[in-house]
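Here are a few friendly notes to read alongside the model. I have kept them as numbered points so you can check each one in your viewer.

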Amino acid sequence: GHDQLRILDYNRVVKDLHGRDQASFLAKVRERFDVAPNPGRAPAGPLQFGMHLDGRWSLLRARPGTYDPKDAIRSLDVSILQDNLLAPVLGIADPRTDKRIEFVGGIRGMDELERRTAANRGGVAFALYPTSLDQLMAVADAGQIMPPKSTWFEPKLRSGLLVRTYDE
């Protein structure tokens with residue numbers, strides 16, 4: 001049953017700041033998010049993001065008005081990050097094809113995000129809160145498809161497993 005299935009976070013590492021220095025990058029981020037120091041690295045709930053920049057973790061909070069809470073897709077954390085930060089600030093229009101972004105499954109943890117940011121000698125990493133089963137169902141109910149790299153399942157799903165759970 002789906003009680004054993006865990007949905008983990010699916011995090012993002014971007015190799016550079018798209019030609020910005022850190023100060024101007026942070027100024028752009030602050031236009032759409034509240035930014036505070038984050039001792040815990042990973043976000044504690046939805047609409048929050050851990051951001052690893054220059055060896056430090058910050059907590060970003062999505063501001064009301066930067067997303068549509070009634071839209072099952074656009075209100076997902078991955079969409080909020082994509083629409084408000086990755087595309088407009090970092091220039092990543094299509095995360096599926098852009099070579100500047102890497103996706104790190106949540107099973108790898110925060111240390112891996114720190115390691116990759118350091119290996120890139122700059123850039124930035126974002127830790128996301130896992131998508132909930134309710135959010136998945138809302139997207140399915142709306143007849144829509146989840147954005148790319150939005151859910152990391154553990155254990156890994158064989159294709160068709162989710163389809164079969166409906167007729168149990």
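1. Phe 49 counts as buried, because its relative accessibility is 0% and the cut-off for buried is under 20%. Please keep in mind while looking at this residue that the model is a predicted one.

2. Phe 33 is buried too, with a relative accessible area of 1%. A search of the whole structure turns up three aromatic pairs. In one of them, the rings of Phe 33 and Phe 49 have centres 5.8 Å apart and planes at 90 degrees, so this pair is edge-to-face; the cut-off for that label is over 60 degrees. Phe 33 belongs to strand S3 (residues 33-37) and Phe 49 to strand S4 (residues 48-53), so the pair links distant parts of the chain, with the two positions 16 residues apart in numbering.

3. How are the rings of Tyr 10 and Phe 103 arranged? Their centres lie 6.2 Å apart and their planes meet at 80 degrees, so they also form an edge-to-face pair. Tyr 10 sits in strand S2 (residues 10-14) and Phe 103 in strand S6 (residues 101-105); this contact links distant parts of the chain, 93 residues apart. Both Tyr 10 and Phe 103 are buried.

4. It is worth displaying Trp 152 along with that pair: ring pairs join Tyr 10, Phe 103 and Trp 152 into a cluster.

5. Next, the helices. Helix H2 (residues 77-86) is mostly covered, as nine of its ten residues are buried. Among the buried ones are Val 78, Ile 80, Leu 81, Leu 85 and Leu 86, but also Asp 77, Ser 79, Gln 82 and Asn 84.

6. Which residues of helix H3 (residues 109-119) are buried? They are Met 110, Glu 112, Leu 113, Arg 116 and Thr 117. These residues span an arc of only 155 degrees around the axis, which places them on the same side of H3. Asp 111, Ala 118 and Ala 119, on the other side of H3, are exposed.

7. And what covers the buried residues of H3? The cover includes S2, S4 and S6, together with strand S5 (56-62) and strand S7 (124-128). S2 and S6 will be familiar as the strands that hold Tyr 10 and Phe 103, and S4 as the strand that holds Phe 49.

8. One last spot for your backbone check: Arg 121, which follows H3, has a positive phi near 55 degrees.

Conventions
Residues are numbered from 1 along each chain as its sequence is written. This is a predicted model: local features need pLDDT of at least 70, side-chain atom pairs count only at pLDDT 80 or more; totals for chains, interfaces and linings use all residues. Side-chain values use heavy atoms; hydrogens and water are left out. Rings of Phe, Tyr and Trp (its six-membered ring) pair if their centres lie within 6.5 Å; planes under 30 degrees apart count as stacked, over 60 as edge-to-face and the rest as tilted. Helices (H or I, at least four residues) and strands (E, at least two) are DSSP runs, numbered from the N terminus. Buried means under 20% relative accessible area, exposed over 50%, partly exposed in between (1.4 Å probe, protein chains only). The arc is that of the directions from the helix axis to the C-beta atoms. Contact means heavy atoms within 4.5 Å.
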